[in-house]
Amino acid sequence: MTPPRRPLGHEIVRLEEAPSTNTLLLENEAWLDRHGLVVLARHQTAGRGRMGRTWSSVPGAQLQFSVAVHPQVPGADVPIIALIAGLAVAQAIGDATGLRPELHWPNDVFIAGRKVCGILAEAKPSAAGALRLVVGIGINCLGSAADYPLEVRGLLITLEEAAGRPVDPEALLRAVLGRFDALLARLDAGGREELLAEWRRHARLAGARVRFPLASGRVTGSVLGLTPEGFLRARDGAGGVHTLVSGDVEWL
Ligand code: BTN
């Protein structure tokens with residue numbers, strides 16, 4: 001019988017500074033082999049975002065960590081893990097502040113139209129071929145958007161700004177890990193449909209205006225919904241319907 005899984009965050013590697021917690025975890029086989037191990041940094045000097053973008057770090061003001069996740073579900077359900085990471089953050093922020101964040105596919109978390117959290121999920125199989133994920137989560141907790149570089153300032157919000165009071169990053173870490181663990185357990189138990197329905201309830205979907213890449217270039221269109229696999233369906237201006245698996249979708 002498989003032994004019960006250890007909870008996410010059973011072991012936390014705490015660093016004052018790291019280039020990127022995702023990169024560190026991906027490069028350390030011994031850490032990556034431990035489901036639930038967390039690498040947390042007060043500051044990242046080379047934080048990475050989705051689609052090769054940079055993630056801006058303000059020392060001590062954000063919750064920035066990566067967690068090793070060993071999926072126990074069939075391959076087709078693995079993309080759902082990246083979605084429920086965002087749901088876990090939205091739930092934890094709700095628990096801590098009473099606010100109701102909005103999810104933008106695949107897993108950005110927004111409050112009042114501005115981004116409060118970004119998630120970068122990356123995969124690296126073990127030598128034996130078992131899938132291992134690194135789920136990296138960055139949440140703007142303390143201070144204000146004015147603390148961030150000029151080029152991203154207008155796009156983001158901090159929890160302190162949104163809630164009108166400081167939100168302790170350490171308490172939020174525990175809340176996010178607890179929520180994520182509970183959602184993973186439901187996925188393992190076959191709850192994908194119900195989890196996708198819950199994700200949808202936190203999301204801006206049908207009718208939302210988006211810009212997305214096609215082979216011919218970027219187009220503007222509107223969201224139709226999620227596929228059963230957790231991919232995004234959108235219609236372009238000429239009426240063509242597209243399924244976006246991992247593309248660079250910009251919410252307008
Ligand atoms: C995005 O918004 O495009 C994703 C941002 C992900 C940022 C987090 S912070 C912790 C972890 N380490 C990284 O280098 N990136 C993720």
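Domain bounds here come from an automatic or database domain assignment. Keep in mind as you go that this is a predicted model.

**Stop 1: the two domains.** Select residues 11–201 and give them one colour: this is domain 1. Then pick 209–251 for domain 2. Between their centres, taken over C-alpha atoms, lie 24 Å.

**Stop 2: where the domains touch.** Domain 1 brings 9 residues to the contact, and domain 2 brings 7. To see where those of domain 1 sit, select helix H3 (78–97) and helix H7 (192–201), each of which supplies at least two of them. H3 gives the most to this side of domain 1, with 3 residues. By class, this side of domain 1 has 7 nonpolar residues, 1 polar and 1 charged.

**Stop 3: around helix H7.** Stay with H7 and show the side chains of Arg192, Leu195 and Trp199, its buried residues. Now look down the helix axis: these buried residues fall within an arc of 65°, so they line one face of H7. Turn to the other side of H7 and you will find Glu193, Glu194, Ala197 and Arg201 exposed. What covers the buried residues? Among the elements over them are H3, strand E4 (102–104) and helix H6 (169–188).

**Stop 4: the ligand.** Finally, centre your view on the ligand, which 20 residues surround. The closest are Ser20, Gly49, Gly118, Gly136 and Gly138. Next, highlight helix H1 (21–27) with strands E3 (62–69), E6 (114–123) and E7 (133–140); each supplies at least two residues of the shell. Colour the shell by class and you will see 11 polar, 5 nonpolar and 4 charged residues.

Methods. Residues are numbered from 1 along each chain as its sequence is written. This is a predicted model: local features need pLDDT of at least 70, side-chain atom pairs count only at pLDDT 80 or more; totals for chains, interfaces and linings use all residues. A residue is near a molecule or strand if its C-beta atom, placed from the backbone, lies within 6 Å of it. Helices (H or I, at least four residues) and strands (E, at least two) are DSSP runs, numbered from the N terminus. Ala, Val, Leu, Ile, Met, Phe, Trp, Tyr, Cys and Pro count as nonpolar, Asp, Glu, Lys and Arg as charged, and the others, Gly among them, as polar. Two residues are in contact if their C-beta atoms, placed from the backbone, lie within 7 Å. A residue is buried if 20 or more other C-beta atoms lie within 10 Å of its own, exposed if 12 or fewer, and partly exposed in between; C-beta atoms are placed from the backbone. The arc is that of the directions from the helix axis to the C-beta atoms.
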